[in-house]
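Student: Pick one part of this model and walk me through it slowly, please. I'd like to know what surrounds it and how it is held in place in the fold.

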Amino acid sequence: MDNIDVIIVGAGSVGVPTAMALGALGMKTLVVDGKPSPGQGDNKRAIGGIRATHSDPAKIQVGLRSLEIFSTWTEVHGDNIEWLKGGYLFPVYREREEQALKKLLPLQQQFGLNIDFIDPEQLRRILPGIDPDGLMGGTFSPDDGSASPLLAVNAFARKALENGARFHFNERIDTLVVEKGRVVGIQTEKGQYRAPVVVDAAGAYSRPLCATAGVDLPVFPDSHEGAITEPVARMFSCMVVDLRPGPGSKNYYFYQNSHGQVVFCITPDPPIVGTDTRETSVFLPQVAARMVSLIPRLKALRVRRVWRGCYPMSPDGSPIVGWSPELKGLFHITGMCGQGFMLGPGMGELAARMIAGRPSEPDKAAISIFSPGRQFSGVREELK
């Protein structure tokens, strides 16, 4: 196959939007994935939350652009991706969380986020039935929301095709091909493809992929479980994030999607390191008890299924996006730390501008913060 400008390894939450953005810039792009269709890895295990309310300017910038793309997609392109503008709600019952959330507000508002700390009465109107005992209020960002990961990634893939990208599915990637100190393509089980740029969008599998070229990338996956209930009448639309730790977990979060199903997930503590995606008997009783304690009327819901996916974690909890300092021609867009779906469209555009040599002035801060060559602090963002 000739005349390829960029090869992307991975047709998931970030690989597909990157192909879409590269195509829009006129770059001939090939996406290769071992799965049978877009989003069949950890993308389909995402629960669908989308927010721009992060704690550093670079993620806020990317998050705002992603939020714009998701929220206007149906209007602009016509595909139904089940966008639901419900907002993100962080209820507070302890001074520790109150102080942490209020400390973030000036920076978040400075960079254009629509977010504020609301009192208990306002919060109960947004989330009827929440336990009022000890409720101190919380932060609410009404412009955030949710969408279907599978509908969205397939809509992005169709747009990428319109923009000239090509996809090869059911094709396992064996190695990166290196010649004279630079990557020149990939070797798959079916053959070799060559291009001057190879994009690592392999998520939880980025480290072993890059190791085939002698690059030691600090992406260490850990696994998280999620679940979905039967559909019921609308109770609330916001994503509820309870930051209080509990036995075996840092926090948990849930929302009611456009079909009326409650989707929920938990952040294990300590992390469950590795790529094991088998469900456990621990997750459901652990998270259900906490959800019912927070909103008692959830106790009547019946769970339809549970699943487990991987978060590709970086040492400091921030994405790894940029040119490899070790190998010319290798570009990383990985280490999304469980936020690949919500950040994917904005990250894809940022990556495309960098690859095409057309970064904007506002991109400079993000390029520095996400750089693969940065000094990793080892301190992860708490608000996952």
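Tutor: Let's take a close look at strand 19 and its partners. This is a predicted model, where local features need pLDDT of at least 70 and side-chain atom pairs 80 or more, while totals for chains, interfaces and linings use all residues. Numbering starts from 1 along each chain as its sequence is written, and side-chain values use heavy atoms, leaving out hydrogens and water.

Strand 19 covers residues 330–334 (strands are DSSP runs of E, at least two residues, numbered from the N terminus). Because 5 of its 5 residues are buried, the strand is largely enclosed by the rest of the structure (buried means under 20% relative accessible area with a 1.4 Å probe, protein chains only). Look along it and you'll see the side chains split: Leu330, His332 and Thr334 point one way, while Phe331 and Ile333 point the other. Both sets are buried.

Now for the neighbours. Strand 12 (residues 197–200) pairs with strand 19 in the parallel sense, over 3 bridges (pairing takes at least two DSSP bridges). To find that pairing on screen, go to Asp200, whose bridge partner in strand 19 is His332.

Strand 18 (residues 320–323) also pairs with strand 19, but here the sense is antiparallel, over 4 bridges. A handy landmark is Trp323, which has Phe331 as its bridge partner in strand 19. Strands 18 and 19 make a hairpin, with 6 residues between them. In that turn sits Gly329, with a positive phi of about 85°.

So, putting it together: strand 19 is parallel to strand 12, antiparallel to strand 18, and buried at every one of its 5 residues.

Technical notes:
Buried means under 20% relative accessible area, exposed over 50%, partly exposed in between (1.4 Å probe, protein chains only).
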